[in-house]
Structure formats: C-alpha cells, structure tokens
Amino acid sequence: ARTAGRAAAGHNAFNQESELKLSMSEAFRGAQKRFSIGGESVTVRIPAGVKPGSKIRLKGKGALNPQTQQRGDIYLIVKLLPNGFFTLDGENLVCEVPITPDEAVLGAKISVPTPDGSVTVSVPAGVKSGQSLRLRGKGWPNKKGSSRGDQLVKVIITPPKELSDKEKSLYEQIRESRTSDPRAGIASNRL
C-alpha cells in the first residue's frame, strides 16, 4: 500500500491514509498482507468480514513529528476489488444465476455457488426474471464473526441462443397453445 501525504480526518497531522485493495476472498476470510512502508517491512492482519471503507490502523507507522520524535499512525482504508460473480450489499452477498425458460415455468433444483461451496436451491415454478431467492446465513460475516448476512440469488431467465429442430418445434407448440397474455394489463396505457 502506498501512503498518501494527507492527514487522516480527526487525527493529528502526522497520521496518514492509504488505500488497501483486497480481493473479496481476502476480505471475506481475512488475510495477512506484507507491505514496505518507509523502507520498513510490515505485516498487517486483515480481519475476516472487513467491509469497504473500513480503516485498519498501523500504529506508529506514519510521518515523524520532528518536535516530539514520535510517528503518527497510518490508516489503511479498505477497497474491495470486483469479484465477477459476487457483489456486496451491506452484509448480504448478491449474485446472478441464469435459468432456462422451462426452469422458470416449471420450477427446478439448481446448483448455486456460495462462499462455502455449491448448494442446491429450489427455484419455484413461475419465478420472474430478476426475482431474488434468499440463502440465509450464506452472506458476509459480521465484525465479530458470530453471524453472517444472507446470500441473495437473483435469477435471470436466459433463453437458449441456439435451438435444435425439436426444441424449436416444442416452443412453437407452446406459443400456439398459450392461454394467457402477459401484456394484457398494459394494452390501454397511454401518456
């Protein structure tokens, strides 16, 4: 971490702040990071469940006060790097999982990754695209590590890009036998 020259808010002028970039895995599980600060090697323990914006204090590692010959502190401000699958919302982990149209209509059991490994999730029949399913206790750990938030699984109905002749024929049969119109309630809307 590279220290910035500005003073930490609410502290003396010899305190400094620096951004600490962590992967979601490092922040979730905790980690030890090694830095070189002013030619000195420092090991920092990152507690499990640290959140973006949290400050980790490195006591006596800041700028030297020439009058007192004491050093200020460095505050490492946590920033999470994007994960690609999980995002953090408070203490909840959020992810998007694609499902097929038939799984949305009929319901299904699907495998969903969690921080603890994959779990089987029941998708209810008639689920809407964008609807979230809650996995209790599979989210972000709290500061004390005594509990965890939830994991929200946002289902996204994803039609196939290519259809076999049989699949296309079956979808055409469904279209011909459809008895409901999902747009019936919006037909008369005007500005």
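**Figure 1. Accessible surface and burial of the chain in this predicted model.** The chain exposes about 12600 Å² of accessible surface, with 50% of that area belonging to carbon and sulfur atoms, as given by the Shrake-Rupley method with a 1.4 Å probe, where for residues only the protein chains shown count as cover. Of the 191 residues, 29% count as buried, a term that stands for under 20% relative accessible area, against over 50% for exposed and in between for partly exposed (1.4 Å probe, protein chains only). Local features need pLDDT of at least 70 and side-chain atom pairs pLDDT 80 or more, while totals for chains, interfaces and linings use all residues. Residues are numbered from 1 along each chain as its sequence is written, and side-chain values use heavy atoms, leaving out hydrogens and water.

**Figure 2. Overall dimensions of the chain.** Along the principal axes, the C-alpha atoms fill a box of roughly 85 × 45 × 30 Å. The radius of gyration is 25 Å, whereas a compact globule of 191 residues would have one near 16 Å; the value is taken over C-alpha atoms, and the globule rule is 2.2 Å times the number of residues to the power 0.38.

**Figure 3. Strand β1 and its pairing with strand β7.** The chain holds 3 helices and 13 strands, which are DSSP runs numbered from the N terminus (helices H or I, at least four residues; strands E, at least two). Strand β1, residues 16-22, is mostly covered, with 5 of its 7 residues buried. This strand runs parallel to β7 (residues 74-80), to which 7 bridges join it, and Ser18 has Leu76 of β7 as its bridge partner.

Notes. Two strands pair if DSSP finds at least two bridges between them.
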